[in-house]
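Open the model in your viewer and keep the selection tool handy. We will take a short walk around the bound ligand and the space that holds it.

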Amino acid sequence: MAKTKRDAFGSKIGIIAAAAGSAVGLGNIYRFPCELGNNGGAAFLLVYLAIVLVLGVPVMLSEFIIGRRSQANAVGSFKKLAPKTFWPIVGFMGVFCGFVILAFYSTVSGWTLEYICKSLMNGFHGKDLAILEQEFSDFHNMGWKNVMWQAFFIFMTGFVVFKGVQKGIEKYSKILMPMLLVILMVLAVRSATLPGAKEGLAFLFHPDFSKLNGEVLISALGQVFFSLSVGMGALITYGSYIQKNDNLATTALSVTLSDTLVAVLAGIVIFPAAFSFGVQPEAGMGLVFNTLPLIFNQMTGGYVFCLIFFVLLAVAALTSTISLLEVMVAYLVEEIHIKRKWATVFACAATMCLGVFASLSLMDNTPFVIGGKTVFDGLDFLSSNILLPVGGMLIVIFVGWYLGKKKFYEEITNGGQLKIRIKTLILFIIKFVAPLAIAIIFIRGLGLFN
Ligand code: TRP
């Protein structure tokens with residue numbers, strides 16, 4: 001049977017834009033400040049940056065290699081490269097993990113739509129922290145409203161994914177992500193010049209190493225993987241659309257750099273302002289969603305900036321949800337042989353079924369609590385702190401040990417065409433350093449064998 005030609009990214013900038021679009025999202029602007037605030041500030045930032053470099057880049061590169069070499073989805077790629085082994089299970093785990101992430105990620109994505117409406121109606125104007133906090137919690141208690149926005153967001157994601165890879169994804173991310181970067185820079189300047197901002201900058205940049213412990217390490221590891229979109233095959237799926245002559249190593253590096261830049265910038269936006277307005281760094285969800293309107297209230301042209309910002313945040317979230325849904329859809333289309341349209345409908349519906357519980361679990365007195373955690377937090381913990389690290393570890397082991405040296409060099413140099421001077425070092429990291437480091441952090445972080 002003749003196979004239809006797979007979609008491919010049209011240009012080099014296309015793949016960087018799409019992968020960066022997947023990476024840059026709520027993970028950078030919402031989750032990163034939350035994790036940093038909950039884990040002691042600057043020390044977390046340092047650990048985070050170290051993990052990005054030593055573990056994030058190699059895992060991303062490994063995913064690109066698996067994807068491009070196999071030209072298949074997260075599960076199919078392992079089936080092709082390692083037939084008759086247990087390796088495809090790693091792909092299944094990835095598809096499942098994508099489903100779990102999308103279920104709670106879409107809750108927060110929905111909030112960005114609520115915030116767009118609110119900024120349109122100038123709904124933050126003149127309000128102080130106490131009022132914003134009250135309104136934020138009132139909003140969570142309107143469960144149906146959260147669910148409605150969430151459903152709408154999943155619908156939009158499905159729409160783009162259904163339209164296909166190249167047309168759907170590439171077009172949007174190229175212009176809008178740089179815009180987000182610019183607006184974050186403007187905000188960072190405003191925030192860092194607020195009265196009392198110094199304390200926030202110190203929290204972000206003066207490390208207190210006594211705050212480091214196993215839990216901080218695993219949170220940082222989880223945040224790195226979450227933010228870079230690695231550990232579950234999203235970038236295997238995207239890698240399968242990369243062309244044979246693209247440089248995988250520099251692509252991974254560019255995507256990682258852009259993603260990390262946005263996260264650090266988000267930190268510089270949030271913390272000085274939070275300290276200035278008296279928002280606790282441990283405030284969790286409110287840290288970002290209440291601090292931002294307060295900054296806009298202190299800006300000339302705040303109304304316009306606020307509106308544009310939340311629109312761009314919604315777009316950043318959308319390019320991320322697209323990559324999550326694409327993992328499920330590509331799997332259903334290529335492995336289960338369902339038509340793309342029905343695969344999209346099915347994946348969206350399934351996500352919504354789980355997602356409803358994530359949204360409703362944020363109401364006061366919610367029944368959706370498991371083992372002391374809300375469903376929302378439980379899904380977040382399961383994916384970021386368990387599934388992604390385990391997935392990431394298996395992915396580097398696969399490339400380093402199963403594919404092996406010859407195929408690794410072949411992929412990273414495009415069959416000898418590119419000179420990558422540090423390829424031996426990269427292989428060493430992928431084979432030994434990364435799997436060991438992930439395993440150690442994972443075991444310590446979960447408090448096993450203490
Ligand atoms: N990286 C995205 C963010 O920071 C979220 C995301 C998209 C993701 N695709 C993923 C996380 C795949 C893990 C795996 O917002």
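The stops below go from the ligand outwards to the helices and then to the cavities.

**Stop 1: the ligand and its neighbours.** Keep in mind as you look that this is a predicted model. Select the ligand and show the residues around it: there are 16 of them. Those that come nearest are A23, G27, Y105, F226 and S229.

**Stop 2: polar contacts.** Now zoom in on G27, where a polar backbone atom is 2.8 Å from an oxygen atom of the ligand. Next, pick S227; here a polar backbone atom lies 3.1 Å from a ligand nitrogen atom. Then move to S323, which brings in its side chain: a polar atom there is 3.1 Å from a nitrogen atom of the ligand. How much of the ligand's exposed area does the protein bury? Taken alone, the ligand exposes 360 Å², and the protein buries 100% of that.

**Stop 3: the helices of the shell.** Colour α1 (12-23), α2 (26-38), α5 (88-120), α10 (214-228) and α14 (302-335), the elements that each give two or more residues to the shell around the ligand. Colouring the shell by class instead gives eight nonpolar residues, eight polar ones and no charged ones.

**Stop 4: the cavities.** Hide the ligand and look at the space it takes up, which is the largest cavity. The structure holds four cavities of 30 Å³ or more, and the largest has about 140 Å³ of space. Select its lining, made up of 17 residues; S22, I101, F226, S229 and L324 lie nearest the centre. At least two lining residues come from each of α1, α2, α5, α10 and α14. Which classes make up this lining? Nine of its residues are nonpolar, eight are polar and none is charged.

Methods: Residues are numbered from 1 along each chain as its sequence is written. This is a predicted model: local features need pLDDT of at least 70, side-chain atom pairs count only at pLDDT 80 or more; totals for chains, interfaces and linings use all residues. Side-chain values use heavy atoms; hydrogens and water are left out. A residue is near a molecule or strand if one of its heavy atoms lies within 4 Å of it. A polar contact is a pair of N or O atoms within 3.5 Å; within protein, one must be able to donate a hydrogen and the other to accept it, and residues adjacent in sequence count only if both atoms are side-chain atoms. Accessible areas come from the Shrake-Rupley method with a 1.4 Å probe; for residues, only the protein chains shown count as cover. On a 1 Å grid over the protein atoms alone, a cavity is a set of points where a 1.4 Å probe fits but cannot get out, and a pocket is an open set with protein on both sides within 12 Å along at least five of seven lines; lining residues have an atom within 4 Å of a point. A molecule sits in a cavity or pocket if more than half of its atoms lie within 2 Å of its grid points. Helices (H or I, at least four residues) and strands (E, at least two) are DSSP runs, numbered from the N terminus. Ala, Val, Leu, Ile, Met, Phe, Trp, Tyr, Cys and Pro count as nonpolar, Asp, Glu, Lys and Arg as charged, and the others, Gly among them, as polar. Grid points are joined across faces, edges and corners, and a volume is the space filled by probe spheres set on the points.
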